[in-house]
There are 2 protein chains.
Amino acid sequence: MKKNVLIIGAGGVAQVVAHKCAQHNDVLGNIHIASRTVEKCQQLVDSVREKGSLKVAGELQAHALDALDVEATKALIDKTQSQLVINVGSSFVNMSVLQACIESGAAYLDTAIHEEPEKICETPPWYANYEWKRRELCEANNITAILGIGFDPGVVNAYAAVAVNEYFDSVSDIDIIDINAGSHGKYFATNFDPEINFREFTGEVWSWQSSSWVSNRMFEVKRTDDLPVVGEHTSYMTGHDELHSLSQNLNVPNIRFWMGFGEHYINVFTVLNNLGLLSEQPVTTAEGQEVIPLKVVKAVLPDPSSLAPNYQGKTCIGDLVKGKKDGKDKEVFIYNVADHAEAYSEVGSQGISYTAGVPVVAAAILIANGEWDVQKMVNVEELPPKPFINLLNTMGLPSRIRDEEGDRALSF
Amino acid sequence: MKKNVLIIGAGGVAQVVAHKCAQHNDVLGNIHIASRTVEKCQQLVDSVREKGSLKVAGELQAHALDALDVEATKALIDKTQSQLVINVGSSFVNMSVLQACIESGAAYLDTAIHEEPEKICETPPWYANYEWKRRELCEANNITAILGIGFDPGVVNAYAAVAVNEYFDSVSDIDIIDINAGSHGKYFATNFDPEINFREFTGEVWSWQSSSWVSNRMFEVKRTDDLPVVGEHTSYMTGHDELHSLSQNLNVPNIRFWMGFGEHYINVFTVLNNLGLLSEQPVTTAEGQEVIPLKVVKAVLPDPSSLAPNYQGKTCIGDLVKGKKDGKDKEVFIYNVADHAEAYSEVGSQGISYTAGVPVVAAAILIANGEWDVQKMVNVEELPPKPFINLLNTMGLPSRIRDEEGDRALSF
């Protein structure tokens, strides 16, 4: 049994995490929120208090922290007696926060893979470049570290495990499809930090095909699906974290990730990318100022958290799985549909942040109650998926399955 | 008789001016080139020497100068004994260079209207905001100052004067049409300094209609014309300097400016503009760096002077004039067609720089030989147009006229 949560980060996902932890603070204990800017953490504290999200009386405090500083992070973990650290800060701080957890004995959870600021799209499998180098250290120190436990990566990894374990004798294809059919009403905006969001699309697109890595360019390969609730949508093969663990942990020859984009998004992205404005390499202005173009694009785009109040429509994210069962071809689609306005009403965030933030809190609960306290480093498909899917059903992210028997709720 | 030329600026237009002055240094005398970066001036000097452009032996020197510094500019005018100052530097330095000329007694010529860095698209007529405030001072000091003597503004003002004087009893409409049918082979580039280029399109589009100012948005109003040599092109109503003098100096109720754009240009412009990346107002990055987005866009775009070697195709710029002659409706199109590759071959610049740079040198010659040494501040339509058009015919910018009698060379 572990308790007391330290949330690192104060963006849109942290907002969801703070509210969801508060709703379950009878299990999770005290809640502390830390980021570089303490005012942003305090806004989350205030939001939780305003909505009355705390289930029982308990500590809820904001802290200033540079999460790249391992000693400072350790000190805060110790001071707050946090046994659960939920890292939803920048992707650049994963390794330093993980190190602080290893040295403090706290469990570690994150929702996205580690990145180094100056590198884009490294050699696959990506987890082997940073996180997996600490596997032995975690096991030696009995550290529970769950990597990539948002929705995608995260829930979609659990869906893949369920499909492989429950519905097939052998699986040939897992296509993870992520459609945001919502509308924020702005000319253009990204749903996450633009710096991280665009980095997904500017490098090589790695996919796992015929049991080896294949490289494409962004927007080179597309598909169109008729999906539950949101209807027909076109999505594009995209590099994504979960391919880099699923390919290593499941015996499935084809695993691809597809993200939905409208033509307008692609046009804006293409213009910015072709002009060099999405580059993380500095340029020098005529006045001699050195500037990273991507950081300027980020500065002019709407803050993703500002989109929430007017976001309308739904997301549909799921795993389309193909294989054999009892000698016959079989196909299932395991998925969730989330609603932007409902998410905003409950926790003050839009649906994209909601689908990323709820699963990591569910995982923290499963560590707290011992079911997932595995005392080693794991990706989500290595954990028993059923308690996780069942818990999400009660926390606002219900799972469904569509196959030859129809479309129905998924629970175990 | 005036002689010795000081060229201020070292960009693509300055390159043309340097070569053309050199080709006429028997009339113009010594040539000095000054800008903030002396190395860029030296490159122009080297280019003139390499091409052997100097007609007769004479001085040709590079100088470092901050043209916003009136005293330094005066000192350089005095030191070089320049009686002719050709300002083809940034549009931000017009007023300081003009002041230096007034105090030194030198003639002043420029090719574009003065701008203040933080202001976009001021109240019409634009010349009244800055230049015309010095009219009395110029007259009192016998200073010849010719404003806007590039192609447009410049030659198109002379075409308007010729039309009004020679071909009509009354003119109802002057539509100045500027088509660049050339191709630079880059994904996207501007033909002039992007900072100045985009500023033309981000503010209100002022036009002179029914003898009053009308405001539109960029790309709101368009027309399609079948033009000599370049064929059918779509152009968009655009705010432009010459409307702000022609409207005041000619008794013509409708004067509009139209610039040709392809769909790709409009798309890129629209994306950048809608995102706020063409703004001259600073934004602050997440890291706290204050940056002017337009300066970063400028830094990532190709240097306009780098386009010249591969620029192919032609420009067509002219005045479509409508009115009455002998009681009958009449229409004439007075125009020039220039070739990018020919311009590069002659002076190392593309056609857009060539059409802007040749006229100001022709004007300097007309001041030097006394024909245009009017000892006051004027816009081009106030000067006798015939010697100017005749001189341009011999300097690489031949004029033509198309009317009910056909299409033929224009000379007097």
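This report describes a predicted model with chains A and B, moving from an annotated region to the contact between the chains, then to salt bridges and cysteines.

**An annotated region of chain A**

An unreviewed UniProt entry lists residues 150-396 of chain A under the name "domain: Saccharopine dehydrogenase-like C-terminal". Over these residues the chain is 35% helix and 29% strand, and the C-alpha atoms at the two ends of the region lie 14 Å apart.

**The contact between the chains**

Chain B gives 28 residues to the contact, and chain A gives 28 residues as well. Between them the two chains bury about 2300 Å², and 70% of this area lies on carbon and sulfur atoms. On the side of chain B, the residues B:Y187, B:L275 and B:V300 supply 25% of the area that this chain buries against chain A, which is more than any other three residues supply.

Polar and charged pairs also occur across this interface. Five residue pairs are in polar contact between chain B and chain A, counting pairs with both residues at pLDDT 80 or more, and two salt bridges are found across the interface. In a salt bridge between B:K295 and A:E287, the closest N and O atoms are 2.9 Å apart. The elements of chain B that give two or more residues to the side touching chain A are helix 10 (263-275), strand 13 (283-284), strand 14 (290-291) and helix 11 (293-300).

**Salt bridges in the structure**

Side chains of opposite charge can pair when their charged atoms come close. Over all chains the structure holds 44 salt bridges, and the table gives some of them with the distance from N to O.

| Pair | Distance, N to O |
|---|---|
| B:K295 and A:E287 | 2.9 Å |
| A:D373 and A:K2 | 3.0 Å |
| B:D169 and B:K325 | 3.7 Å |
| A:E220 and A:R217 | 3.9 Å |

The side chains of A:D373 and A:K2 meet in a salt bridge at 3.0 Å. This pair links distant parts of the chain, since A:D373 lies in the loop between helix 13 (351-368) and strand 17 (377-379) of chain A, while A:K2 lies in the segment before strand 1 (5-8) of chain A, 371 residues apart. Both A:D373 and A:K2 are buried.

In chain B, the closest N and O atoms of B:D169 and B:K325 are 3.7 Å apart in their salt bridge. This pair too links distant parts of its chain, with B:D169 in the loop between helix 7 (155-167) and strand 7 (170-180) of chain B and B:K325 in strand 15 (residues 314-325) of chain B, 156 residues apart. B:D169 counts as exposed because its relative accessibility is 51%, whereas B:K325 is partly exposed because its relative accessible area is 28%.

The salt bridge between A:E220 and A:R217 has an N to O distance of 3.9 Å. Here A:E220 counts as partly exposed because its relative accessibility is 40%, and A:R217 counts as exposed because its relative accessibility is 59%.

Salt bridges can also be joined into a network, as in chain A, where A:D173, A:D175, A:R223, A:D225 and A:R256 are linked in this way.

**Cysteines**

Over all chains the structure holds zero disulfides. B:C138 is in no disulfide, and the nearest cysteine sulfur, that of B:C101, is 8.9 Å away. B:C138 counts as buried because its relative accessibility is 0%, and A:C316 likewise counts as buried because its relative accessibility is 1%.

Methods
Residues are numbered from 1 along each chain as its sequence is written. Chains are lettered from A and ligands numbered from 1 in the order in which they are written. Side-chain values use heavy atoms; hydrogens and water are left out. UniProt positions are given in the numbering used here, feature names are shortened, and annotations may be inferred rather than shown by experiment. Helices (H or I, at least four residues) and strands (E, at least two) are DSSP runs, numbered from the N terminus. A disulfide is a pair of cysteine sulfur atoms within 2.5 Å. Buried means under 20% relative accessible area, exposed over 50%, partly exposed in between (1.4 Å probe, protein chains only). Contact means heavy atoms within 4.5 Å. Buried area is the accessible area (1.4 Å probe) that two parts lose on being put together, summed over both. A salt bridge is a side-chain nitrogen of Lys or Arg within 4 Å of a carboxyl oxygen of Asp or Glu. A polar contact is a pair of N or O atoms within 3.5 Å; within protein, one must be able to donate a hydrogen and the other to accept it, and residues adjacent in sequence count only if both atoms are side-chain atoms.
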